[in-house]
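Please open the model in your viewer, show the side chains as sticks, and keep the selection panel at hand. The stops below are meant to be taken in order.

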Amino acid sequence: MAKSKYQLQIDNLVIKEDFPLLPMELLEDFANIIKPLLQLDPLNFCGTYSSHILLGELQGYRALEIDFDTVYRLVYRIYEKPSPRRIVILSFGEHDPAYEKAKQRKKK
């Protein structure tokens with residue numbers, strides 16, 4: 001796989017609260033597939049996954065769509081500046097809870 005173009009930062013609450021609720025297979029996919037794709041190009045996932053821009057309270061963030069037995073969302077933001085370019089993951093979970101957690105965490 002090509003060299004990462006973005007640093008990846010994961011909110012501590014994602015690690016403490018979200019990851020333990022995810023299926024082990026999904027966590028493995030995150031580590032081996034999703035994370036490298038995000039770091040390479042957070043807008044284009046080579047047809048593997050799709051993402052979309054969020055509006056309203058989460059304007060400026062994106063949601064990665066992951067269908068895995070149930071529908072999951074990974075909510076993240078891309079920062080081009082200041083250098084280094086980075087991606088911050090705000091939440092990762094089932095569809096509606098992922099958005100609710102992202103809204104709560106954004107305010108902190």
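## Stop one: helix α3

On the other side of α3 from its buried residues, Asp96 and Gln104 are exposed, and these two make a convenient place to begin in what is a predicted model. Now select the whole helix, residues 95–106: α3 has twelve residues and reaches 17 Å from its first C-alpha to its last, close to the 16 Å expected at 1.5 Å a residue.

Next, colour Ala98, Tyr99, Ala102 and Arg105, which are the buried residues of α3. They cover an arc of only 135° around the axis, which puts them on the same side of α3. If you then show α1 (12–18), β2 (50–53), β3 (62–68), β4 (70–79) and β5 (86–94), you will have in view the elements against which the buried residues of α3 pack.

## Stop two: salt bridges of α3

How many salt bridges does a search of the whole structure find? The search finds five, and several of them can be inspected from α3.

Select Arg105, which at 6% relative accessibility counts as buried because the cut-off for that class is under 20%. Its side chain meets that of Glu17 in a salt bridge, with 3.1 Å from N to O. This pair links distant parts of the chain, since Arg105 belongs to helix α3 and Glu17 to helix α1, with their positions 88 residues apart in the numbering. Glu17, at 39% relative accessibility, counts as partly exposed.

Keep Arg105 selected and add Asp18, with which Arg105 forms another salt bridge, the closest N and O atoms being 2.7 Å apart. Here too the pair links distant parts of the chain, Arg105 in α3 and Asp18 in α1, 87 residues apart. Both Arg105 and Asp18 are buried. Adding Lys101 completes the selection, for Glu17, Asp18, Lys101 and Arg105 are linked in a network of salt bridges.

Then move to Lys103 and Glu100, whose side chains meet in a salt bridge at 3.6 Å, N to O. Both lie in helix α3, three residues apart, about one turn of the helix. Lys103 counts as partly exposed at 24% relative accessibility, and Glu100 likewise counts as partly exposed, at 43%.

## Stop three: Ser91 beside the helix

Select Ser91, which lies in strand β5. Is this residue buried or exposed? With a relative accessibility of 0%, Ser91 counts as buried. The side chain of Ser91 reaches the backbone oxygen of Ala98 at 2.7 Å, and Ala98 is one of the buried residues of α3 already coloured.

Expanding the selection to contacts, and leaving aside neighbours within four places in sequence, you will find that Ser91 touches Val14, Asp18, Arg73, Leu74, Val75, Ala98, Lys101, Ala102 and Arg105. Among these contacts, Asp18, Lys101 and Arg105 are also members of the salt-bridge network seen at the previous stop.

## Stop four: the nonpolar cores

Which residues of the largest nonpolar core touch the most other members? Of its 23 residues, these are Leu38, Ile66, Leu74, Tyr76 and Phe92. The elements α2 (24–40), β3, β4 and β5 each supply at least two residues of this core, and α2 gives the most, with six residues.

Centre the view on Tyr76, whose contacts, apart from neighbours within four places in sequence, include Leu38, Pro42, Phe45, Tyr61, Leu64, Ile87, Val88 and Leu90. A second, separate core of eight residues includes Leu54, Val75, Leu90 and Tyr99, and Tyr99 is again one of the buried residues of α3.

## Stop five: Tyr6, before the first strand

Finally, select Tyr6, which is placed in the segment before β1 (7–10). At 9% relative accessibility, Tyr6 counts as buried. Add Ile87, a residue 81 positions away along the chain, and you will see that the C-alpha atoms of the two are separated by 6.5 Å.

Leaving aside neighbours within four places in sequence, the contacts of Tyr6 are Leu38, Gln39, Leu40, Pro42, Ile78, Glu80, Arg85, Arg86 and Ile87. For Glu80 in that list there is a polar contact to display, between the side chain of Tyr6 and the side chain of Glu80, at 2.7 Å. Leu38, another of the contacts of Tyr6, leads back to the largest nonpolar core, where Leu38 is among the residues that touch the most other members.

Conventions: Residues are numbered from 1 along each chain as its sequence is written. This is a predicted model: local features need pLDDT of at least 70, side-chain atom pairs count only at pLDDT 80 or more; totals for chains, interfaces and linings use all residues. Side-chain values use heavy atoms; hydrogens and water are left out. Helices (H or I, at least four residues) and strands (E, at least two) are DSSP runs, numbered from the N terminus. Buried means under 20% relative accessible area, exposed over 50%, partly exposed in between (1.4 Å probe, protein chains only). Contact means heavy atoms within 4.5 Å. A polar contact is a pair of N or O atoms within 3.5 Å; within protein, one must be able to donate a hydrogen and the other to accept it, and residues adjacent in sequence count only if both atoms are side-chain atoms. The expected span of a helix is 1.5 Å times one less than its number of residues. The arc is that of the directions from the helix axis to the C-beta atoms. A salt bridge is a side-chain nitrogen of Lys or Arg within 4 Å of a carboxyl oxygen of Asp or Glu. A nonpolar core is a set of buried Ala, Val, Leu, Ile, Met, Phe, Trp, Tyr and Cys residues joined through side-chain atoms within 4.5 Å.
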